[in-house]
Amino acid sequence: MPITTRFWNSYDIDSLIENAGTSDQIWFLNEPGLTAAAREIRARNFIEHTLLEKPRLCKAIDLEGKAIGDIALKRSTQSFQEHSLEIGYWVGKRYWGKGYATEAIKQMVDYAFSNLPEVRRITARTFWSNLGSRRALEKAGFTLEARFKEAIRINGVYDDEAAYTIWRP
């Protein structure tokens, strides 16, 4: 089934909570001790924030009308890097391994290069041990530029970080 990337809407709150809840990487919805009501408020605030962005750089990954993940582009705060964006994404756990992240990355890269003429390159960083994410980036045309040894530490465990880039054609 094909996926699309689209802007978030207020009706996506339930699917955002459902799918983000399957990933320990989505900290703002999976904080220990967070109540269901607080989770809903945070999901609503996240979606409302994406609606106010100019330009809008955060999209839902949509499968048959349901948001199954998120993909976003982030601008650098450094003026000398205004030609560069960083991409980040996640997909609900039950949708892993189906090519949805790869397709979403391709769509978002196309969106950026088609709508943001100042952008020359898009970067991505992921855990070295996250082979699925690394493969998704590579299948979407990104090239590995660096491996940073023990750059990430989560729960006392170190992992390398992989840095990828794709250039405007």
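**Figure 1. F7 is partly exposed, at 27% relative accessibility.** Buried denotes a relative accessible area under 20%, exposed one over 50%, and partly exposed anything in between, with a 1.4 Å probe and protein chains only. The structure is a predicted model, in which local features need pLDDT of at least 70 and side-chain atom pairs count only at pLDDT 80 or more, whereas totals for chains, interfaces and linings use all residues. Residues are numbered from 1 along each chain as its sequence is written, and side-chain values use heavy atoms, with hydrogens and water left out. The charged end of K59 sits over the ring of F7, at 5.1 Å from the ring centre; this geometry requires NZ of Lys or CZ of Arg within 6 Å of the ring centre and within 35 degrees of the ring normal.

**Figure 2. Three aromatic pairs are found in a search of the whole structure.** In the pair of F7 and Y111, the ring centres are 6.3 Å apart and the planes stand at 80 degrees, so the arrangement is edge-to-face. Rings of Phe, Tyr and Trp (its six-membered ring) pair if their centres lie within 6.5 Å; planes under 30 degrees apart count as stacked, over 60 as edge-to-face and the rest as tilted. Because F7 belongs to strand β1 (residues 4-7) and Y111 to helix α4 (residues 100-115), the pair ties together parts that are 104 residues apart in sequence. Helices (H or I, at least four residues) and strands (E, at least two) are DSSP runs numbered from the N terminus. Y111 is buried, with a relative accessible area of 18%.

A second view takes in W8 and F46: their ring centres are 5.6 Å apart and their planes at 80 degrees, so this pair is edge-to-face. It links distant parts of the chain, with W8 in the loop between β1 and α1 (13-20) and F46 in helix α3 (residues 36-52), 38 residues apart. W8 is buried, at 0% relative accessibility.

**Figure 3. S84, in strand β4 (residues 84-91), makes a side-chain contact with R121.** The side chains of S84 and R121 are joined by a polar contact of 3.0 Å. Such a contact is a pair of N or O atoms within 3.5 Å; within protein, one must be able to donate a hydrogen and the other to accept it, and residues adjacent in sequence count only if both atoms are side-chain atoms. Leaving aside residues up to four places away in sequence, S84 touches R75, S76, R121 and T123, where contact means heavy atoms within 4.5 Å. S84 is buried, at 9% relative accessibility.

**Figure 4. A104 of helix α4 is buried, at 0% relative accessibility.** Not counting residues up to four places away in sequence, A104 touches I3, T5, I61 and I71. A104 and A60 are 44 residues apart in sequence, with a C-alpha to C-alpha separation of 9.1 Å.

**Figure 5. Buried residues of helices α1 and α5 are shown.** In α1, the buried residues are I13, S15, L16, N19 and A20. They span an arc of only 165 degrees around the axis, which puts them on the same side of α1; the arc is that of the directions from the helix axis to the C-beta atoms. In helix α5 (residues 131-139), S133, R134, A136 and L137 are buried. Their arc around the axis is only 160 degrees, which places them on the same side of α5. An α-helix has 3.6 residues a turn, so residues three or four places apart point the same way. The buried residues of α5 pack against β4, α4, β5 (121-127) and β7 (157-167). R134 also lies over the face of W128, at 3.7 Å from the ring centre. After α5 comes G141, whose phi is positive, near 100 degrees.

**Figure 6. E64 and E150 have positive phi values.** Most residues other than glycine have a negative phi. E64, with phi near 55 degrees, is placed in the loop between β2 (58-63) and β3 (66-75). E64 is exposed, at 64% relative accessibility. E150, with phi near 45 degrees, is in strand β6 (residues 143-154). E150 is exposed, with a relative accessible area of 53%.
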